[in-house]
Amino acid sequence: MSSLFARVFRQARVTFEQTALSDPKFAGHLQTLRRLLDQLTLADLGLDPALVATETFQQPTKAPCTFVDVFQNDWFAISVFVLRENYTMPLHDHPRMYGLLRVVSGAVQIRSYTELARRDMVVTGVGGSAGDPAALRRHVLVAAEPEKIISSSVGDCAMLTPSERNFHEITAIGGPAAFFDILSPPYNTSLPQHISFYRKVPVPRNLAELELGSPGEEKPLAPQPDDDRPRYVLETIPIPENYYCDTEQYVAPEFLLQGADESDK
């Protein structure tokens, strides 16, 4: 376990636990955290390289994804996901969250989308979202961001915010890949938020200029003459059958245990 990971953890606490979003210092703290993450490696986390070995994913009962729960409190969560080669973590959202993703082994392709407008409808008897299979059908008008390939090379960290790139799907390319994830706030807080999964539907450009208001009451979006990003509508779907994970127990270093104790006080 390296001192770099301890610095990352301390900076995550400063950024998300000890600084309000409205504080002018928040943006600077977030960029400091990102710069630290740019250097993080699998060895810094003390994880077994066998987790990301091709042979591990050749076992017949192995799930296509491994989840490692590293740390969580009321302000942020840290985890590691390991993906089988060519496996895609399905398109999902991170509602009202900040997120930083650092690949610590291999490489991934990220397809991200930024929300422009949305329409929610209550539908009975139809699965719509994880954890609430019969209540919500959501349509979100999004702009596609440029596809990005990031690897474990130093200086390569992806970030999402509550208003930018907070819908994405992630594919391991060239072999298994592992990425380190910080999300704030975490999902299981008192806030009314949970992960939802989506399917993507292309829309004609003329329709993509309309807000998703009530049916028949759509209004033009504000003009965006320099925005030529492709537009899609994302529609909520049940949890995809191919998305399931094995879990790996994480042996937490002392500074994580101390941080959990201090957060509880």
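In the predicted model, D246 is partly exposed, with a relative accessible area of 27%. Its side chain forms a salt bridge with that of K62, at an N to O distance of 3.0 Å. The two residues come from distant parts of the chain, 184 residues apart. K62 sits in the loop between α2 (26–37) and β1 (65–72). D246 belongs to strand β11 (residues 245–248). K62 has a relative accessible area of 14%. This value is under 20%, so K62 counts as buried. The bridge thus pairs a buried lysine with a partly exposed aspartate.

The count of salt bridges in the model comes to eight. Side chains of opposite charge can pair when their charged atoms come close. Another of the bridges joins R199 and E235, with 2.7 Å from N to O. This pair also links distant parts of the chain, 36 residues apart. R199 lies in strand β9 (residues 197–202), and E235 lies in strand β10 (residues 231–237). R199 is partly exposed, at 42% relative accessibility. E235 is buried, at 13%.

A further bridge forms between the side chains of E164 and R165, at 4.0 Å from N to O. E164 has a relative accessibility of 37% and counts as partly exposed. R165 is partly exposed as well, with a relative accessible area of 26%. The backbone of R165 also deserves a note. Its phi is near 60°, a positive value in a residue other than glycine. R165 is placed in the loop between β7 (157–160) and β8.

R96 likewise has a positive phi without being a glycine, here about 55°. This arginine is found in the loop between β3 (88–93) and β4 (98–122). R96 is partly exposed, with a relative accessible area of 48%. A separate backbone feature occurs at S184 and P185. The peptide bond joining these two residues is cis, with omega about -5°. P185 falls in the loop between β8 (167–184) and β9.

The protein as a whole has four helices and eleven strands. Of its 265 residues, 50% are buried. Contacts between residues at least 6 apart in sequence were also examined. Among these, 79% join residues at least 24 apart.

Helix packing was examined for α1 and α2. Two packed helices are described by the angle between their axes and the distance between the axes. The axes of helix α1 (residues 3–17) and α2 come within 9 Å and cross at roughly 160°. That angle is over 145 degrees, so the two helices are roughly antiparallel to each other. The crossing of α1 past α2 is left-handed. On the α1 side, the contact residues are L4, R7, V8, Q11, A12, V14, T15 and F16. On the α2 side, they are F26, H29, L30, T32, L33, L36 and L37. By class, this contact has ten nonpolar, four polar and one charged residues.

F16 extends the picture beyond the helix pair. This phenylalanine lies in helix α1. F16 is buried, with a relative accessible area of 7%. Neighbours within four places in sequence aside, its contacts include F26, L30 and L33, which are among the α2 residues that meet α1. F16 is also in contact with W75, F76, Y98, L100, I182 and S184. The contact with S184 spans 168 residues along the chain, and the C-alpha atoms of F16 and S184 are separated by 6.8 Å. S184 is also the residue joined to P185 by the cis peptide bond.

S79 offers a second buried site. This serine is placed in strand β2 (residues 77–83). Its relative accessible area is 11%, and S79 is therefore buried. Leaving aside neighbours within four places in sequence, S79 is in contact with F67, V68 and V70, among others. Its other contacts by this criterion are F179, F180 and D181.

Terms used
Residues numbered from 1 in each chain as written. Predicted model: local features only at pLDDT ≥ 70, side-chain atom pairs only at ≥ 80, totals over all residues. Heavy atoms only, no water. Buried < 20%, exposed > 50% of the residue type's maximum accessible area, 1.4 Å probe, protein only. Axes fitted to C-alpha atoms, helices over the stretch in contact; angles between N-to-C directions. Parallel < 35°, antiparallel > 145°, perpendicular 65-115°, else oblique. Left-handed = near helix turned anticlockwise from the far one by under 90°. Contact = heavy atoms within 4.5 Å. Nonpolar A, V, L, I, M, F, W, Y, C, P; charged D, E, K, R; others polar.
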